[in-house]
Amino acid sequence: MKKKLSEMDYGEQGTVTEIEKDLQKRVAGMGIRVGKTLRMVTKQPIKGPFDVVVDEAETSLGLDMAGKITVEMTK
Amino acid sequence: MKILLMGHPNVGKSVFFNRLTGANVTESNYPGTTVDYTKGWMKIEGEDVEIVDVPGTFSLDPKDRAEEVAVSMLHESRDAKVIAVIDASKIERGLYLAMEIIEEGYPLVIALNMRDVAEDKNITIDADRLERILGIPVVSTVAIAGEGIKELVSRLKEAKPVNVDDIIANAANASDTESAADAGGAA
């Protein structure tokens, strides 16, 4: 099942399948690229931020960024 | 000679800077901005070397003013050597930035900083192997404790521009030898 990163719930995990083009370079330096496994660790209500773990390191993303990342859920 | 300290925010660039330089330090704004940077001097083998503490940046594709300054400082110093300071516990992102700097043809040395923090997280990094793959010096450091700083300085002269294609070839070889070693181990 595919979801936007912004729709993931606390504790869910998935593999990045698609990142909107204008965001690709911005998040690449933070370790988020297609094929990476993400786990949601903190999700603040209303406008984020969303904290995800990539390669054992935490990264925060704003709501607009999280809405542009598509994730294939693995658990 | 000029040396730029580059890396992500909060990886210890300024700790390196303070360890390397003495009292003769200037802090100023990058012209036309309110982004601060510091520069200072140190002597390496009798030569005066200028060290610049560049603002932290995630990539060479700037997202804010501080990152813009970092990138233009790099581009204005075509003859500079770069020390890429990487958080050893978040090595993947750090190497992304290091590779971007390598791609632009700068001579680079990598400081795998915060080795102690990485060890606390059960992360050990084979710096020698990384060095063989990248073809540039890779030094494990704990900047706040001063570990590895001398080695880093002594190896600055080995910094050289490398071709990305060579790195890709080395990486392919390295994984070949690794799988060969694994197969040998299994047999």
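These exercises, each with a worked solution, deal with a predicted model of chains A and B.

Local features need pLDDT of at least 70 and side-chain atom pairs count only at pLDDT 80 or more, while totals for chains, interfaces and linings use all residues. Residues are numbered from 1 along each chain as its sequence is written, chains are lettered from A in the order in which they are written, and side-chain values use heavy atoms, with hydrogens and water left out.

**Exercise 1. The nonpolar cores**

Task: Find which residues touch the most other members of the largest nonpolar core, and which elements supply this core.

Solution.
Step 1. A nonpolar core is a set of buried Ala, Val, Leu, Ile, Met, Phe, Trp, Tyr and Cys residues joined through side-chain atoms within 4.5 Å. Buried means under 20% relative accessible area, exposed over 50%, and partly exposed in between (1.4 Å probe, protein chains only).
Step 2. The largest core has 38 residues, and Ile101(B), Leu108(B) and Ile110(B) touch the most other members.
Step 3. In chain B, two or more residues each come from β1 (2–7), α2 (65–76), β5 (81–87), α3 (91–103), β6 (108–113), α5 (127–134) and α7 (164–186). Helices (H or I, at least four residues) and strands (E, at least two) are DSSP runs, numbered from the N terminus.
Step 4. Another core, of 21 residues, lies apart from the largest one; Leu20(B), Val49(B), Val109(B) and Ala143(B) are among its members.

**Exercise 2. One side of a helix**

Task: List the buried residues of helix α1 of chain B and state where they lie around the axis.

Solution.
Step 1. Helix α1 (residues 13–20) of chain B has Lys13(B), Phe16(B), Phe17(B) and Leu20(B) as its buried residues.
Step 2. These residues cover an arc of only 100 degrees around the axis, so they are on the same side of α1(B). The arc is that of the directions from the helix axis to the C-beta atoms.

**Exercise 3. The interface**

Task: Describe the contact between chain A and chain B.

Solution.
Step 1. Chain A gives 12 residues to the contact and chain B gives nine residues; contact means heavy atoms within 4.5 Å.
Step 2. The two chains bury about 990 Å² between them, 49% of it on carbon and sulfur atoms. Buried area is the accessible area (1.4 Å probe) that two parts lose on being put together, summed over both.
Step 3. On the side of chain A, Lys25(A), Arg26(A) and Gly29(A) lose the most area to chain B, together 40% of what that side buries.
Step 4. Two salt bridges cross the interface. A salt bridge is a side-chain nitrogen of Lys or Arg within 4 Å of a carboxyl oxygen of Asp or Glu. Glu92(B) and Arg33(A) meet in a salt bridge at 2.4 Å, N to O.

**Exercise 4. Salt bridges within chain B**

Task: For Lys157(B) and Glu147(B), name the salt-bridge partner and say which parts of the chain are linked.

Solution.
Step 1. Lys157(B) pairs with Glu45(B), the closest N and O atoms being 3.4 Å apart.
Step 2. Lys157(B) is in the loop between α6 (149–154) and α7, and Glu45(B) in the loop between β3 (36–44) and β4 (47–53), 112 residues apart.
Step 3. Lys157(B) is exposed at 55% relative accessible area, and Glu45(B) is exposed at 68%.
Step 4. Glu147(B) forms a salt bridge with Arg115(B), with the closest N and O atoms 2.7 Å apart.
Step 5. Glu147(B) lies in the loop between β7 (138–140) and α6 and Arg115(B) in helix α4 (residues 115–120), so the pair ties together parts 32 residues apart in sequence.
Step 6. Glu147(B) is partly exposed at 37% relative accessibility, and Arg115(B) is partly exposed at 27%.
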